[in-house]
Amino acid sequence: MGKTNRKSKRFRWLKLLGIMFLLLMIGTIWQHYMMLRESSMFSRPGEIFANKSFDLHAYRTGEGDTAVVFVAGSGTPSAYTDYYLLQNQLRPYARTVSYDRAGFGWSGETDRPRSVEIMVEELHDSLEQANEAPPYLLVGHSLASLEVLHFAQKYPDEVMGIVLLDGGSPEFYAKEWETKSYIVNRLVAALRVTGIIRALGTAGILLPFAAENLRNPQLPEEVRAMDKAMYYNKAGNTSNLSFISLMNENAQIVLDHGHLKEIPLLILSSDSGAAWQDVQHELLQWSGNSMQETIANANHYVHWNNSNLVFNKLLDMLNKK
């Protein structure tokens with residue numbers, strides 16, 4: 001009787017594993033088919049600018065004397081949809097620019113390392129190609145704090161101010177465990193490739209990765225489908241690995257170049273506990289003209305759960321120029 005029960009249990013486990021494998025295969029095929037289909041469904045909203053190794057997609061709108069340049073955090077599937085609300089709110093007051101990192105949105109892929117020096121060079125070259133004249137107001141979310149700080153280090157006369165949206169300090173990123181970010185990226189990639197992210201989204205469950213659960217419901221109906229397609233097809237992709245794997249090295253480059261003297265620096269922080277507040281206070285030291293504000297009950301994507309507040313803060317920065 002014991003042997004029969006063990007064989008029966010083993011058979012049930014093998015059957016369950018077989019069903020799971022079949023479902024994953026079906027999900028993988030479905031994901032591949034939908035990626036091919038969606039690649040031709042949505043035309044790019046912006047322009048393409050040729051960099052040294054890839055075509056960079058940038059979306060520009062508005063008018064004014066100052067260009068507000070939005071830099072997305074790591075792993076953001078589409079800068080266009082991530083900064084859609086803020087760019088539209090600012091349209092009457094300033095020119096705005098958002099751009100997709102290599103391998104995301106409508107930008108091409110690249111084999112160049114994602115060092116902060118190369119990425120700042122690519123952004124600067126693209127702004128020149130687009131005839132966007134300085135001074136710029138740089139807005140960086142999360143890990144993009146390293147890029148906007150380094151941009152200001154290299155081109156201080158071209159920067160009228162910096163706004164960090166829950167960015168980390170170079171001191172923090174120099175010590176942060178890169179492997180943790182790598183593991184999260186690979187997990188999200190597995191969920192994407194096997195169609196699980198898409199299946200959950202079809203069932204109405206949008207994962208918090210890159211704030212898709214916050215962003216998509218707030219977008220206009222005509223933009224939601226585009227945003228979901230980017231989320232389904234770009235989440236956790238390999239283009240982000242070089243970026244996060246150089247996090248410690250990039251932070252050290254910023255540290256080596258020193259503080260920003262008197263460039264205006266506004267730090268808008270999430271309400272994420274005492275340890276994160278210490279990181280935000282480290283950022284205060286990066287300019288002699290800095291201010292930090294913690295937004296009550298805000299999470300990491302402060303520009304989505306507090307978009308009006310962020311918009312008003314950006315207006316204040318523009319009016320102080």
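# A tour from the helix 12 loop to Trp 304

Start by selecting Lys 261, which is found in the loop between helix 12 and strand 7 (265-269); helices (H or I, at least four residues) and strands (E, at least two) are DSSP runs, numbered from the N terminus. This is a predicted model, in which local features need pLDDT of at least 70 and side-chain atom pairs count only at pLDDT 80 or more, while totals for chains, interfaces and linings use all residues. Residues are numbered from 1 along each chain as its sequence is written, and side-chain values use heavy atoms, with hydrogens and water left out.

Lys 261 is not a glycine, yet its phi is positive, about 60°. Lys 261 counts as exposed, at 69% relative accessibility; exposed means over 50% relative accessible area, buried under 20%, and partly exposed in between (1.4 Å probe, protein chains only).

**The loop after helix 4**

Go next to Asn 131, in the loop between helix 4 and strand 5. Asn 131 also has a positive phi, near 60°, in a residue other than glycine. With a relative accessible area of 70%, Asn 131 is exposed. Pro 135 lies in the loop between helix 4 and strand 5 (136-141). Display the backbone from Pro 134 to Pro 135: the peptide bond joining them is cis, with omega about 15°.

**Helix 5**

Select residues 145-154, which form helix 5. Of the 10 residues of helix 5, 9 are buried, so this helix is largely enclosed by the rest of the structure. The buried residues are Ser 145, Leu 146, Glu 147, Val 148, Leu 149, His 150, Phe 151, Ala 152 and Gln 153.

Add helix 4 (residues 116-129): its axis and that of helix 5 come within 9 Å and cross at roughly 70°. Axes are lines fitted to C-alpha atoms, for helices over the stretch in contact, and angles run from 0 to 180 degrees between N-to-C directions. That angle makes helix 4 roughly perpendicular to helix 5 (65 to 115 degrees counts as roughly perpendicular, under 35 as roughly parallel, over 145 as roughly antiparallel, and the rest as oblique). The crossing of helix 4 and helix 5 is right-handed; a crossing is right-handed if the near helix is turned clockwise from the far one by less than a right angle, and left-handed if anticlockwise.

On the helix 4 side, the contact (heavy atoms within 4.5 Å) is made by Val 116, Glu 117, Met 119, Val 120, Leu 123, His 124 and Leu 127, and on the helix 5 side by Leu 146, Glu 147, His 150, Phe 151 and Lys 154. By class, the residues of this contact divide into 7 nonpolar, 2 polar and 3 charged. Here Ala, Val, Leu, Ile, Met, Phe, Trp, Tyr, Cys and Pro count as nonpolar, Asp, Glu, Lys and Arg as charged, and the others, Gly among them, as polar.

**Helix 12**

Now add helix 12 (residues 247-257), which packs with helix 5 at an angle of about 30°, the axes being 10 Å apart. That makes helix 5 roughly parallel to helix 12. The crossing of helix 5 with helix 12 is left-handed. Helix 5 contributes Leu 146, Leu 149, His 150 and Gln 153 to the contact, and helix 12 contributes Met 247, Asn 250, Ala 251, Ile 253, Val 254 and His 257. These contact residues divide into 6 nonpolar, 4 polar and no charged.

Keep helix 12 on screen and return to helix 4: the axes of these two come within 9 Å and cross at roughly 75°. Helix 4 and helix 12 are therefore roughly perpendicular to each other. Val 116, Glu 117 and Met 119 of helix 4 meet Asn 250, Ile 253 and His 257 of helix 12.

**The nonpolar cores**

Select Leu 138, Phe 151 and Ile 162, which touch the most other members among the 43 residues of the largest nonpolar core. A nonpolar core is a set of buried Ala, Val, Leu, Ile, Met, Phe, Trp, Tyr and Cys residues joined through side-chain atoms within 4.5 Å. Another core, of 24 residues, lies apart from it and includes Val 68, Ala 94, Ala 298 and Phe 311.

**Two last stops**

Met 226 is in helix 10 (residues 221-234). With a relative accessible area of 11%, Met 226 is buried. Not counting residues up to four places away in sequence, Met 226 touches Phe 42, Ser 43, Tyr 80 and Trp 106.

Finish at Trp 304, in helix 14 (residues 302-305). Trp 304 counts as buried, at 2% relative accessibility. Asn 216 is 88 residues from Trp 304 in sequence and 9.9 Å from it in space, C-alpha to C-alpha.
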